[in-house]
Amino acid sequence: MDTRKQLRPVMFVGTASDVGKSVIAAGFCRIFKQDGYHPAPFKAQNMSLNSYATPDGLEIGRAQAVQAEAAGVPCHTDMNPVLLKPTNDQTSQLVLHGRPAGNQTAWEYFMQDDKRQLFEEIKASFDRLSARYHPVVMEGAGSISELNLRQRDITNMRIALHAGAAVYLIADIDRGGVFGSVYGTLALLPPEEKALVKGIIVNKFRGDIRLFEDGRRQLEAITGVPVTGVLPYYHDIHIEEEDSVALSLKQKRLTEGRINVAVVLLRHMSNFTDFNVLEKDERVNLFYTDNPAEIMEADIVIIPGSKNTLADLVAIKNNGTARAITEAHKRGKVVIGICGGYQMMGSSIADPYGVEGEPGSMPGLGILPVSTVLTREKVTRQRRFTYRQHTGTGEGYEIHMGVTECETPSPLTILDDGTPDGYLLHDKCWGTYLHGILDNTTVLDDLLSACGKQLSAAAGFDYKAFRSAQYDKLAAHIRQHLDMDAVYNAIRL
């Protein structure tokens with residue numbers, strides 16, 4: 001028997017949201033893979049507009065797809081059985097086991113039935129996953145000590161108890177208040193939950209880490225829980241963020257010497273991970289904006305996906321952004337749209353079934369000669385495709401509710417089943433349903449060359465290889481600063 005497989009689940013929970021749980025979980029997925037195990041990620045419930053299509057054509061949160069990539073395994077809905085995709089400030093689409101299960105208000109979701117049935121579904125997903133992978137790398141959500149939500153919490157310690165996981169509490173010292181947040185979090189846990197906590201991870205430390213030695217001892221003394229490590233803040237490791245909480249850091253401005261790419265900032269933007277490759281390419285200055293003047297000055301304008309396409313279309317028409325996009329197109333700037341952005345570029349969008357709100361229709365931006373009808377059925381599938389005249393194949397994925405048609409087809413890509421996708425008006429203007437299309441070097445180079453800007457930087461950025469290297473760098477960073485022997489001792493059966 002291969003004793004390396006005998007590892008109990010490990011779970012990373014937080015004192016708050018955005019303390020680094022997703023990234024640390026991804027790092028441990030890569031570490032266990034490097035050490036010869038067969039890990040897989042798990043998050044019971046995710047709330048995110050960044051999602052991903054699994055190989056079997058279902059939908060999960062993008063963060064778990066990233067963690068699965070770090071682990072070197074195909075993503076599956078059992079890794080994220082419940083996904084909430086906000087459609088407005090009060091309502092979310094519930095995606096259960098990768099399929100839409102209707103829209104619910106926050107009150108309906110959190111207050112009805114204590115989510116007993118959902119928790120049964122979550123336990124079944126975890127049990128299936130843990131029978132196939134060792135260890136399961138689990139991630140919590142938000143804070144584990146929200147007393148008003150404890151009975152209805154299906155994402156944190158309730159599933160940790162079911163899994164018998166070794167739990168590590170993560171705190172973000174960059175925010176301040178690390179002693180109070182860690183002590184208070186642990187003090188509010190009932191004894192059976194606190195018994196699962198094997199260590200504390202202090203994340204995002206700036207400066208000389210030796211200066212926290214006293215703090216480390218004090219934290220252990222007041223909590224009775226060992227500090228497994230202190231992770232320094234880093235700037236040279238690039239892992240996808242979980243959601244648009246990070247967009248505030250991406251609103252850069254125009255700069256000289258690079259290709260300025262403006263992503264239109266939509267209120268219900270989804271899958272902004274489509275543009276991570278542009279953020280990392282040294283030829284590009286990427287920024288998110290709804291400022292008409294900045295859109296007019298950009299070399300390339302991209303309209304991203306949206307969870308509420310009609311509402312976002314109304315918003316950009318009202319704030320002047322739509323006019324700036326059409327004017328940039330008229331002036332010969334590069335303008336493209338992905339998914340909901342592609343739909344907006346057409347002549348009209350109709351919602352006869354009230355998929356996104358009240359039934360109705362409205363004119364689009366009129367840039368592409370296509371029209372869209374929103375449908376009840378969601379398309380979620382991974383795709384291989386050929387792009388324009390190129391012979392090689394690319395990879396992407398579809399997640400959309402809607403059918404887009406035109407009288408005279410001019411497809412941007414041909415999909416692996418022979419069906420056309422998107423519309424190519426000319427080199428500087430096109431739309432597509434394919435998320436991840438820019439991760440393909442051929443498409444990226446073609447897009448950047450279309451703006452006609454001459455740069456000294458070499459073409460051919462390999463984003464897939466770049467991502468793999470980032471997981472390795474993250475794993476090395478964690479190994480250097482955490483007590484990995486203590487972690488292994490806690491999870492060996």
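Start by selecting Phe-32: beyond its neighbours up to four places away in sequence, this residue touches Val-10, Tyr-37, Pro-39, Pro-135, Val-137, Tyr-488 and Ile-491. What you are looking at is a predicted model. Is Phe-32 buried or exposed? With a relative accessibility of 0%, Phe-32 counts as buried. Now add Gly-184, which is 152 residues from Phe-32 along the chain; the C-alpha atoms of the two are separated by 31 Å.

**Helix 1 and helix 2**

Phe-32 belongs to helix 1, so colour that helix next, along with a partner. Helix 1 covers residues 21-34 and helix 2 covers residues 62-71; their axes come within 7 Å and cross at roughly 20 degrees. That angle is under 35 degrees, and the two helices are therefore roughly parallel to each other. The crossing of helix 1 past helix 2 is right-handed. To see the contact, show the side of helix 1 with Ser-22, Ala-25, Ala-26, Cys-29, Arg-30 and Lys-33, which meet Ala-63, Gln-67, Glu-69, Ala-70 and Ala-71 in helix 2. By kind, the residues of this contact are six nonpolar, two polar and three charged.

**Helix 1 and helix 15**

Keep helix 1 on screen and bring in helix 15, residues 463-481. At what angle do the axes of helix 1 and helix 15 cross? They cross at roughly 90 degrees and come within 8 Å. Helix 1 and helix 15 are therefore roughly perpendicular to each other. From helix 1, the contact uses Val-23, Ile-24, Ala-26, Gly-27, Phe-28, Arg-30, Ile-31 and Gln-34. From helix 15, select Ser-468, Tyr-471, Asp-472, Leu-474, Ala-475, Ile-478 and Arg-479. Here the residues divide into nine nonpolar, three polar and three charged.

**The annotated domain**

Next, select residues 260-441. An unreviewed UniProt entry annotates them as "domain: CobB/CobQ-like glutamine amidotransferase". This span is 20% helix and 37% strand, and its end C-alpha atoms lie 18 Å apart.

Move on to helix 12, residues 321-330. Seven of its ten residues are buried, so helix 12 is largely enclosed by the rest of the structure. The buried ones are Thr-321, Ala-322, Ala-324, Ile-325, Thr-326, Ala-328 and His-329. Step past the end of helix 12 to Gly-332, where phi is positive, near 85 degrees.

**The annotated active site**

For the last stop, select Cys-339 and His-435. The unreviewed UniProt entry carries the annotation "active site" for these two residues. They span 97 residues in sequence, yet their C-alpha atoms are no more than 7.2 Å apart, so they gather at one spot.

Where does Cys-339 sit? Look in the loop between strand 18 (334-338) and helix 13 (340-344). Cys-339 is buried, with a relative accessible area of 6%. Apart from residues up to four places away in sequence, Cys-339 touches Gly-305, Ile-399, His-400, Thr-432, Tyr-433 and His-435.

Now centre the view on His-435, in the loop between strand 28 (429-432) and helix 14 (441-450). His-435 has a relative accessible area of 1%, and this residue is buried too. Setting aside neighbours within four places in sequence, its contacts are Asn-271, Asp-274, Ile-338, Cys-339, Gly-396, Tyr-397 and Ile-399. Show both contact lists together and you will find Ile-399 touching Cys-339 and also in contact with His-435.

Conventions. Residues are numbered from 1 along each chain as its sequence is written. This is a predicted model: local features need pLDDT of at least 70, side-chain atom pairs count only at pLDDT 80 or more; totals for chains, interfaces and linings use all residues. Side-chain values use heavy atoms; hydrogens and water are left out. UniProt positions are given in the numbering used here, feature names are shortened, and annotations may be inferred rather than shown by experiment. Helices (H or I, at least four residues) and strands (E, at least two) are DSSP runs, numbered from the N terminus. Buried means under 20% relative accessible area, exposed over 50%, partly exposed in between (1.4 Å probe, protein chains only). Contact means heavy atoms within 4.5 Å. Axes are lines fitted to C-alpha atoms, for helices over the stretch in contact, and angles run from 0 to 180 degrees between N-to-C directions. Angles under 35 degrees count as roughly parallel, over 145 as roughly antiparallel, 65 to 115 as roughly perpendicular and the rest as oblique. A crossing is left-handed if the near helix is turned anticlockwise from the far one by less than a right angle, and right-handed if clockwise. Ala, Val, Leu, Ile, Met, Phe, Trp, Tyr, Cys and Pro count as nonpolar, Asp, Glu, Lys and Arg as charged, and the others, Gly among them, as polar.
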